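Trainee: I've never looked at this one before. Could you walk me through it, step by step?

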Amino acid sequence: VIALVAAAAAAGCTDMTTQQQGMVSGGAIGAAAGAGIASITGGNAWTGAAIGAAAGTTAGYIRANRQQ
């Protein structure tokens with residue numbers, strides 16, 4: 001299942017711009033980090049994932065714009 005999801009995600013990113021790829025990867029990394037941190041500290045993992053995804057997407061957008 002994990003390999004199927006990874007293959008679908010990789011195939012979906014082929015037609016994206018650099019900015020879009022940065023935003024998607026930043027959001028995914030942020031969601032995972034936010035959920036992990038919230039779980040470790042005793043918070044709600046879903047809330048942590050949502051906050052992390054928002055922060056990661058924003059960071060990915062900023063980073064991609066600086067590279068252009």
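Trainee: What span should helix 3 have, and how far apart are its end C-alpha atoms?

Mentor: Keep in mind that this is a predicted model, where local features need pLDDT of at least 70, side-chain atom pairs count only at pLDDT 80 or more, and totals for chains, interfaces and linings use all residues. Residues are numbered from 1 along each chain as its sequence is written, and side-chain values use heavy atoms, with hydrogens and water left out. Helix 3 covers residues 45–67, and at 1.5 Å a residue (times one less than the number of residues) its 23 residues should span 33 Å. That agrees with the distance between its end C-alpha atoms, 32 Å.

Trainee: Which residue caps the N-terminal end of helix 3?

Mentor: Look at the backbone nitrogen of Trp46. A side-chain oxygen lies 2.8 Å from that nitrogen, and it belongs to Asn44.

Trainee: Which residues of helix 3 are buried, and what covers them?

Mentor: Buried means under 20% relative accessible area, exposed over 50%, and partly exposed in between, using a 1.4 Å probe and protein chains only. By that rule the buried residues of helix 3 are Gly48, Ala49, Gly52, Gly56, Gly60 and Ala64. What covers them includes helix 2 (18–41).

Trainee: Is Arg63 buried or exposed?

Mentor: Arg63 sits in helix 3. In space, its C-alpha is 7.3 Å from that of Gly22, although the two are 41 residues apart in sequence. Its relative accessibility is 55%, so Arg63 counts as exposed.

Trainee: How do helix 2 and helix 3 run, roughly parallel or roughly antiparallel?

Mentor: Their axes come within 6 Å and cross at roughly 150°; axes here are lines fitted to C-alpha atoms over the stretch in contact, with angles from 0 to 180 degrees between N-to-C directions. Angles under 35 degrees count as roughly parallel, over 145 as roughly antiparallel, 65 to 115 as roughly perpendicular and the rest as oblique. That makes helix 2, relative to helix 3, roughly antiparallel.

Trainee: Which residues of helix 2 make the contact with helix 3?

Mentor: Contact means heavy atoms within 4.5 Å. On the helix 3 side, the residues include Gly52, Gly56 and Tyr61. On the helix 2 side, they are Thr18, Gln19, Gly22, Met23, Gly26, Gly27, Gly30, Ala31, Gly34, Ala35, Ala38 and Ser39.

Trainee: How many helices does the protein chain have?

Mentor: Helices are DSSP runs (H or I, at least four residues), as are strands (E, at least two), numbered from the N terminus. The elements run α-α-α from the N terminus on. With zero strands, the count of helices is three.

How values were computed
Polar contact = N/O pair within 3.5 Å; in protein donor to acceptor, adjacent residues only side chain to side chain.
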